[in-house]
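Q: I should like to learn how to read several features of a structural model. May we take them one at a time, with the general idea before the case?

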Amino acid sequence: MDKTLVEKMIELAMEQLKFSYAPYSHFLVGAVLLGKNGKFYTGCNIENAAYTPSNCAERTAFFKAVSEGERAFQAICIVGGKEGILTEYAAPCGVCRQVMMEFCDPDTFQIILATAKEQYEIFTLKELLPMGFGPNNLS
Ligand code: THU
């Protein structure tokens, strides 16, 4: 991926940390999803007193995008940490990887994990979800 684009996505993901609603875990997560239409869809984690209705930042971004008509995606950038301090990569949870599998090509979809603008690693969905089960398995 183009370095300028990656850095732009890291900045956008970091900006989303201020919207994170995480009064229970205090683990703030920000994400930005890039559609094949070239648009960015942002997301943050949104927790709930009943715990199970909580939503991850990645799924917030995906559901915003799909609800606005985009279903094809190039990449997602995710940042997160306790109290919003970015010390380690915030890798997507299993449920979010499965949501990615629904809409993304595992061989090409890029997952950018970052702790700073100059500190990141990029994985494909296939690397993070080997042998994933997706729509093609039902066709
Ligand atoms: N979280 C995310 O937003 N994305 C992930 O991939 C991992 C976990 C959120 C869910 C919850 O609000 C908090 O981080 C702690 O699990």
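Q: Does Glu-118 count as buried or exposed?

A: The model before us is predicted. A residue counts as exposed when its relative accessible area is over 50%. Glu-118 therefore counts as exposed, at 56% relative accessibility.

Q: With which residue does the side chain of Glu-118 meet in a salt bridge?

A: The partner is Lys-3, at 3.6 Å from N to O. This pair links distant parts of the chain, 115 residues apart: Lys-3 belongs to helix H1, whereas Glu-118 sits in the loop between strand S4 (110-116) and strand S5 (119-124). Lys-3 itself is partly exposed, with a relative accessible area of 45%.

Q: Which other side chain meets Lys-3 in a salt bridge?

A: Glu-7 does, with an N to O distance of 2.8 Å. Both residues lie in helix H1 (residues 3-15), four residues apart, which is about one turn of the helix. Glu-7 is buried because its relative accessible area, 13%, is under 20%.

Q: How many salt bridges does the whole structure hold?

A: A search finds four. Among them is the one between Asp-107 and Lys-126, at 3.3 Å from N to O. Here too the pair links distant parts of the chain, 19 residues apart, with Asp-107 in the loop between H3 and S4 and Lys-126 in helix H4 (residues 125-128). Asp-107 counts as partly exposed at 47% relative accessibility, and Lys-126 is likewise partly exposed, at 46%. Salt bridges with shared partners also join Lys-3, Glu-7 and Glu-118 into one network.

Q: Is Met-100 buried or exposed, and which residues does it touch?

A: Met-100 is placed in helix H3 (residues 94-103). Its relative accessible area is 0%, so Met-100 is buried. Leaving aside residues up to four places away in sequence, the contacts of Met-100 include Glu-58, Phe-62, Ile-76, Phe-109 and Leu-125. A separation of 11 Å lies between the C-alpha atoms of Met-100 and Phe-133, which are 33 residues apart along the chain.

Q: How much space lies in the largest pocket, and what lines it?

A: Rolling a probe the size of a water molecule over the atoms reveals where empty space remains. In this model, the largest pocket holds about 270 Å³ of space. Its lining has 19 residues, with Val-29, Asn-45, Glu-47, Asn-55 and Cys-56 nearest the centre. Strand S1 (27-35) and helix H2 (57-67) are the elements giving two or more residues to this lining, and H2 supplies the largest share, three residues. By class, the lining comprises eleven nonpolar, five polar and three charged residues.

Definitions and conventions. Residues numbered from 1 in each chain as written. Predicted model: local features only at pLDDT ≥ 70, side-chain atom pairs only at ≥ 80, totals over all residues. Heavy atoms only, no water. 1 Å grid on protein atoms, 1.4 Å probe; cavity = no way out; pocket = protein on both sides within 12 Å on 5 of 7 lines; lining within 4 Å. Points joined across faces, edges and corners; volume = space filled by probe spheres on them. Nonpolar A, V, L, I, M, F, W, Y, C, P; charged D, E, K, R; others polar. Buried < 20%, exposed > 50% of the residue type's maximum accessible area, 1.4 Å probe, protein only. Contact = heavy atoms within 4.5 Å.
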